[in-house]
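Biologist: I would like to go through a model feature by feature. Please give me the general idea behind each reading, then the case at hand.

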Amino acid sequence: MKTTTFDWSCKNTWKQSAKNTAWCLLGCAIGDFGTILFFQLTEIPFPVLGIMTLAIINGLVTSVMLETAILVRAQMDFKNALSTALGMSFIGMLMMEIAMETTDLIFTGGRLGLDPIAVIPMLIVGFLTPWPYNYWRLKKYGMACH
C-alpha cells in the first residue's frame, strides 16, 4: 500500500490560500458585523443564540455574494460563479463564522456585540480557523474561489 504525504510547506500555496481566506473573511465580516450592529443599534430584544444564528447566515450570504461578484468580474458566467462560490468555500466560511461568533461570545462575556475588545480577535480567529483548510483544498484539488 502506497502512502503519500501531504506537502504543507509550499509558500506559494500558503500565499494564495491567505488571499482567498482574506476575501472570504471580508465577505463574512460584512454580514456578521452588520447583523450584530443592527441589533446593537435597534436594541430589539432578541435571544443571543438567535442573533448569533442570523449573523452566521448573513455572513455566509454576504461572503457568497462577494465571491460570486469577484468571479463574475473575472469573466465567469453568473451560474458557474455562484456554484463555485458555494461549492468551494462553504465549509471554510462556516468554520470562519462559528469561530468568529464563539470568539465574540468569549470576549463579550456571552452578550455578543461589536465591542472593540472583541472585533480584532474575531477577525484574527476568523482568518486563522479556515486558512489551513483553504490551503489543503487548494493544494490537493487546485481549487480556489478567487
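**Reading the model**

Modeller: Glu43 sits in the loop between α1 and α2 (48-73). This is a predicted model, and the loop residue Glu43 is one place to begin.

Biologist: What is the phi of Glu43, and how should I read its sign?

Modeller: Most residues other than glycine have a negative phi. Glu43 has a positive phi, near 55°, although Glu43 is not a glycine. Glu43 follows α1. With a relative accessibility of 66%, Glu43 counts as exposed.

Biologist: Which loop holds Gln75, and what is its phi?

Modeller: Gln75 belongs to the loop between α2 and α3 (78-107). Its phi is near 80°, again a positive value in a residue other than glycine. Gln75 has 72% relative accessibility and therefore counts as exposed.

Biologist: Let us step back to the whole chain. How many helices and strands does the chain have?

Modeller: There are five helices and zero strands. Read from the N terminus, the order of elements is α-α-α-α-α. The C-alpha trace spans about 55 × 35 × 25 Å along its principal axes. The chain has 146 residues, and 41% of them count as buried.

Biologist: How does the reach of helix α1 relate to the span expected for it?

Modeller: The comparison uses a rise of 1.5 Å a residue. Helix α1 covers residues 11-42, which makes 32 residues. From first C-alpha to last, α1 reaches 45 Å, close to the expected 46 Å. Helix α4 (residues 116-128) can be read in this way too: its 13 residues reach 19 Å, close to the 18 Å expected.

Biologist: Which residues of α4 are buried?

Modeller: Buried residues in α4 are Ala118, Val119, Pro121, Met122, Gly126 and Phe127. For Phe127 the relative accessibility is 18%, and the cut-off for buried is under 20%, so Phe127 counts as buried.

Biologist: How far is the C-alpha of Phe127 from that of Ile51?

Modeller: The two C-alpha atoms are separated by 21 Å. Along the chain, Phe127 and Ile51 are 76 residues apart.

Biologist: Next, helix packing. At what angle do the axes of α1 and α5 cross?

Modeller: The axes of α1 and α5 (residues 131-141) cross at roughly 120° and come within 9 Å. An angle of 65 to 115 degrees would count as roughly perpendicular, and one over 145 as roughly antiparallel. The pair α1 and α5 is therefore oblique.

Biologist: What is the handedness of that crossing?

Modeller: The crossing of α1 and α5 is right-handed.

Biologist: Now the cysteines. Why is there no disulfide between Cys24 and Cys28?

Modeller: Two cysteine sulfur atoms have to lie within 2.5 Å to count as a disulfide. The closest cysteine sulfur to that of Cys24 is in Cys28, at 4.2 Å, which is too far for a bond. By this rule the count of disulfides is zero. Cys24 counts as buried, at 4% relative accessibility.

Biologist: Last, the charged side chains. How many salt bridges does a search of the whole structure find?

Modeller: Side chains of opposite charge can pair when their charged atoms come close. The search of the whole structure finds one salt bridge. The side chains of Arg111 and Asp115 form a salt bridge, at 3.0 Å from N to O.

Definitions and conventions:
Residues numbered from 1 in each chain as written. Predicted model: local features only at pLDDT ≥ 70, side-chain atom pairs only at ≥ 80, totals over all residues. Heavy atoms only, no water. Salt bridge = Lys/Arg side-chain N within 4 Å of Asp/Glu carboxyl O. Helix = DSSP H or I, 4+ residues; strand = E, 2+ residues; numbered from the N terminus. Expected span 1.5 Å × (residues − 1). Buried < 20%, exposed > 50% of the residue type's maximum accessible area, 1.4 Å probe, protein only. Axes fitted to C-alpha atoms, helices over the stretch in contact; angles between N-to-C directions. Parallel < 35°, antiparallel > 145°, perpendicular 65-115°, else oblique. Left-handed = near helix turned anticlockwise from the far one by under 90°.
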